[in-house]
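Me: Got a minute to go through this one with me? I'd like to start with the strands and then look at some rings.

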Amino acid sequence: YSKNSTHDIKEIVKKGHCKYYSNQARSLILGIETSCDDTGCAIVDNNGTILGEALKSQQQIHLNYGGIIPPIARDLHKESIENVVNEALKAADISVSDVDAIATTVKPGLPLSLLVGMNYGKYLSHISRKPFIPIHHMEAHALTIRMVQKVEFPFLVLLISGGHCLLAVAQTVDKFLLLGQSLDDAPGEAFDKAARRLKLRNLPEFRTLSGGQAIELAASKSTNPGAFYFPSILSHYRDCNFSVAGLKNTLRKHIIRQELLHGIEGDGLIPGVFNLCADYQMAITRHICQRLQRAMKFVEIRNLLPEENRTLVVSGGVACNGFIKRALGLICEEMEYSLAVPPPHLCTDNGVMIAWNGMERWKAQCGITLDLDSVDIEPKCSFGVNWIDEVTNASIKCSWIKLTSLQETRKQETASSTV
Ligand code: KG4
Ligand code: ZN
């Protein structure tokens with residue numbers, strides 16, 4: 001691994017296409033991301049042009065271990081950080097003294113991983129005498145969309161990733177109203193654990209995929225969606241919190257029953273694995289959509305977004321999922337929202353989103369510091385102002401928008417592809 005690391009990074013370095021700016025002052029922010037298992041760095045300008053970026057993913061190594069082992073993640077970040085930053089600077093054809101500030105993720109995330117990025121970011125800030133901008137990883141996911149398309153504040157944002165599930169109203173660069181959050185596993189985590197338990201990795205086609213990608217691909221091969229029952233979750237709680245642990249448990253029971261029924265042992269996969277993935281994906285999707293629908297009603301009652309221009313932004317790794325995006329599209333259509341999702345490589349963790357959040361803060365001149373000692377990591381931290389009680393007290397009843405048409409399209413797709 002270490003022998004090839006520089007080479008691997010080079011392969012994924014992308015050089016940005018610099019636009020021509022008349023006499024407009026241009027600022028540049030360098031961003032660093034190491035909160036989990038991706039070492040990322042990018043340089044962006046005030047117009048959202050990516051001048052250079054580099055990303056070193058640890059995904060394959062953690063897939064081989066069956067999960068992220070924090071000291072291993074730390075060691076891999078340490079091994080890559082310098083190369084990743086240098087490659088991003090090289091692609092941008094600048095040196096660190098050319099940037100206006102250094103933005104780095106300091107919260108939330110794995111403590112050992114966060115430390116590597118923060119220390120390197122502080123080091124760059126120190127040697128170049130440029131200000132430091134501490135970044136909240138989830139705020140960065142929430143604001144990425146503004147780099148690629150025109151989305152004005154306020155907007156509703158759904159963040160679905162490997163570590164988090166959050167629903168919030170984004171009001172400004174640093175003001176969010178938290179409407180709902182996960183009570184147990186995040187959706188990405190629920191997909192990762194399911195993919196492992198289903199042993200999808202034993203099929204060559206799935207070996208290099210993240211759990212979420214594996215479940216999505218497996219689900220697309222289902223010939224009989226609806227074969228496995230999954231209950232409706234939190235249906236008696238009139239809030240917007242998320243819980244997928246019950247669905248994970250139901251999945252486990254289905255697997256055990258099928259394994260017993262078909263005498264499956266060791267590395268074997270159950271025969272209905274694709275159908276089970278489709279129903280599991282549908283159950284998680286339905287749950288997310290229901291919580292979202294209530295949040296949209298709450299937004300309407302409390303008049304939190306302008307009536308004529310309501311946008312739902314979705315980001316985080318799980319926002320790469322095409323099925324979930326289609327479902328969210330249906331909800332938006334019905335509730336008269338426009339749906340805005342960044343391209344997949346900006347939904348999963350990357351340095352660009354950190355640089356862009358730094359740029360948003362640079363433009364607003366908030367959260368920028370020269371006092372490096374005042375900054376520390378915060379592995380666990382809140383997101384925005386907690387409005388969860390407000391949502392609960394509103395006790396909003398909903399009649400659910402049907403998602404069955406999604407399965408019908410899939411049945412048709414399967415039928416036509418077999419003709
Ligand atoms: O945002 P992210 O890169 O890291 C965190 O901040 O957690 O999200 C990673 C998560 C993983 O759990 C992965 O399984 C999930 O995103 N993911 C997906 C898909 N691609 C990645 N989940 C569902 N469908 C996908 N296509
Ligand atoms: Zn993330």
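Me: How do β7 and β10 pair, parallel or antiparallel?
Reply: In this predicted model, β7 and β10 (residues 311–315) run parallel, with four bridges between them. Strands are DSSP E runs of at least two residues, numbered from the N terminus, and two of them pair if DSSP finds at least two bridges between them. L158 has V314 as its bridge partner in β10.

Me: And what about β7 with β8?
Reply: That pairing with β8 (residues 165–172) is antiparallel, over six bridges. A four-residue hairpin joins β7 to β8, and F155 sits opposite A170.

Me: Why is β7 called largely enclosed?
Reply: Because six of the six residues in β7 (residues 155–160) are buried. Buried is under 20% relative accessible area, exposed is over 50%, and partly exposed is in between, using a 1.4 Å probe and protein chains only. On one side the buried residues are F155, V157 and L159; on the other, L156, L158 and I160.

Me: Switching to rings: how many aromatic pairs are there?
Reply: Seven. Rings of Phe, Tyr and Trp (its six-membered ring) pair if their centres lie within 6.5 Å; planes under 30 degrees apart are stacked, over 60 edge-to-face, the rest tilted. Y120 and Y123 are a tilted pair, since their centres are 5.4 Å apart and their planes at 50°.

Me: Any ground rules on the numbers?
Reply: Residues count from 1 along each chain as its sequence is written, with chains lettered from A and ligands numbered from 1 in written order. Local features need pLDDT of at least 70, side-chain atom pairs count only at pLDDT 80 or more, totals for chains, interfaces and linings use all residues, and side-chain values use heavy atoms, leaving out hydrogens and water.
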